[in-house]
Amino acid sequence: MKVKVLSRNPDDYVRETQYDIQRVPRNYDPSLHPFEVPREYARALNATKLERVFAKPFLASLDGHRDGVHCLAKHRTSLSTLLSGSCDGQVKVWNLTERDVCALSKHTKDLCVEIVVRFCGTSFFTVGDDKTIKQWKMEAPAYGEEEEPLNTILGKTVFTGLDHHQKEGVFATCGQQVDIWDEQRSSPIRSFTWGVDSFSSVRFNPVETELLASCGSDRSVVLYDMRESTPLRKVIMKMRTNTVCWNPMEAYYFTSANEDYNLYTYDMRHLDKPVMVHMDHVSAVLDVDYSPTGREFVSASFDKTIRIFPKNAGHSREVYHTKRMQHVICVKWSSDNKYVLSGSDEMNIRLWKANAAEKLGVLSPRERQATNYNQKLKEKFQYHPQIRRIARHRHLPKNIYHQAKELRVMKAARHRKESNVRKHSKPGTVPLVAEKEKHVVTVVK
């Protein structure tokens, strides 16, 4: 004998308190929900529109310098501390939570070229046009105490770049050559040259800490190993590279900021051609910095904008600009992956959100759940034409818009000319245009 009994558990439909949300049962059988896809598409479209409505990336401006901001440095252990150096030799230590100056020091009356924080975060180094390397303590001087450097090293030539080792008391400088210094010595422990007049930038690898890269005046990017007596490899590009930045999560990848308006991501094991070419700037790219996750990087350009690129995409996902911001000289991505900082010619440091539409502060569980749901919907329908058009649209200043349009016309004309030359060339011969383009990148071992 079979007996069927209806069993209802009150916990499934009764609220614990009067403030709880009513529990509604749902059957996930797709046959019962014929309008699920159109409903989700409408939600994704609304979420995409609202994202553009609430995209307000600019947060604050830190003013106080009396000349253009030339360099920025992140603190190794404190998220709220930022160091900046200006063209008049003034170095400031900022507290970002209070948006105020913590400490102030004067390198020289000349240009402060580069600042770098020691790996422990207790002091920082500066180099300038006066051929000196100075070490300063991080704390502000006590009342009545004069601001004096902890250590001063006098070099033979002008220094143009500086970077510190991630784990040891070793730092590197560049000028007429790349020098490796020990903090306890007044002369370099190792020097590297490779037929270059001068170097403009040097960077340590944050993963493989014995490796470093530098940019030369002969349009080259040179790789070094501190354990070797000679440089490893050299890449000669079509135009000069201003700076490089290593990926903090993938040891072999680095991105170079070039004068030809592009950024190039290379795998140091295969330097014959770049892994990715990142295009969108309309003037020389001056600085680049990776996010702590290694998935994105931010670039600063002479065209008065900063752009955020995914590491494996050729075009930027965000472009930030303001009416008053001039040529952007330096840029940094904060260590908590939330903010981007930029320094420009008109003496201001600007703080931006890394994700323009992200809500700052503490989110309630329902807000976080709604945000994640909308994000998944946008990813699901990201290739639909209307949603893709809204998500990709960015307002640009008129001059940048026209310059980008002009570059597209020039590129199309160049491509059309190359195709015509190849079409009319004799079989078995190499066209002159293809012959020129073949030697854009040269690898020297």
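How many bridges join strand β20 to β21, and which way do the two strands run? Select residues 262–267 to light up β20 and have a look: four bridges join β20 to β21, and the two run antiparallel. Keep in mind as you click around that this is a predicted model.

**Stop 1: the sheet around β20**

Stay with this pair for a moment. Pick asparagine 262, and you'll find methionine 279 of β21 standing opposite. Now widen your selection to bring in β18 and β19. The four strands form an open sheet in the order β18-β19-β20-β21, with antiparallel pairing. The edges belong to β18 (241–246) and β21 (276–279), each of which pairs on one side only. Try looking across the strands: neighbours in this sheet are turned by 20° against each other on average, if you ignore direction.

**Stop 2: the next sheet along the chain**

Next, select residues 285–290, which is strand β22. Is β22 mostly covered or mostly open? Mostly covered: five of its six residues are buried. Add residues 296–301 to show β23, which runs antiparallel to β22 and is joined to it by five bridges.

Two partner pairs are worth clicking on here. Tyrosine 290 has phenylalanine 297 of β23 as its bridge partner, and aspartate 287 is partnered with alanine 300 of β23. Then follow the chain through the hairpin, where five residues sit between the two strands. One to pick out is glycine 294, with a positive phi near 80°.

Now show the whole sheet. It is another open one with four strands, in the order β22-β23-β24-β25, and the pairing is antiparallel. At the edges stand β22 and β25 (318–320); each has a single partner strand, so one side of each has no neighbour in the sheet. The twist from one strand to the next averages 20°.

**Stop 3: two loop residues with a positive phi**

Here's a bit of background: most residues other than glycine have a negative phi. With that in mind, select lysine 304, in the loop between β23 and β24 (306–310). Lysine 304 isn't a glycine, yet its phi is positive, at about 70°. Its relative accessibility is 30%, so lysine 304 counts as partly exposed.

Then jump to arginine 99, in the loop between β4 (90–95) and β5 (100–106). Arginine 99 isn't a glycine either, and has a positive phi of about 55°. It counts as partly exposed too, because its relative accessibility is 48%.

**Stop 4: two helices that cross**

Time for some helices. Select residues 36–53 for α1 and residues 365–380 for α2; their axes come within 9 Å and cross at roughly 105°. That angle makes α1 roughly perpendicular to α2. To see the contact itself, show the side chains of Glu40, Arg43, Ala44, Ala47, Thr48 and Glu51 on α1, together with Tyr373, Asn374, Leu377, Lys378 and Lys380 on α2. Try colouring them by class: the contact has four nonpolar, two polar and five charged residues.

**Stop 5: the annotated repeats**

Finish with a database record. An unreviewed UniProt entry places the feature "repeat: WD" at residues 62–96, 278–309 and 321–362. Select 62–96: this stretch is 0% helix and 57% strand, with its end C-alpha atoms 9 Å apart. Then select 321–362, which is 0% helix and 43% strand, with its end C-alpha atoms 27 Å apart.

Key. Residues numbered from 1 in each chain as written. Heavy atoms only, no water. Buried < 20%, exposed > 50% of the residue type's maximum accessible area, 1.4 Å probe, protein only. Pairing = 2+ DSSP bridges. Axes fitted to C-alpha atoms, helices over the stretch in contact; angles between N-to-C directions. Parallel < 35°, antiparallel > 145°, perpendicular 65-115°, else oblique. Contact = heavy atoms within 4.5 Å. Nonpolar A, V, L, I, M, F, W, Y, C, P; charged D, E, K, R; others polar. UniProt positions renumbered as here; feature names shortened; annotations may be inferred.
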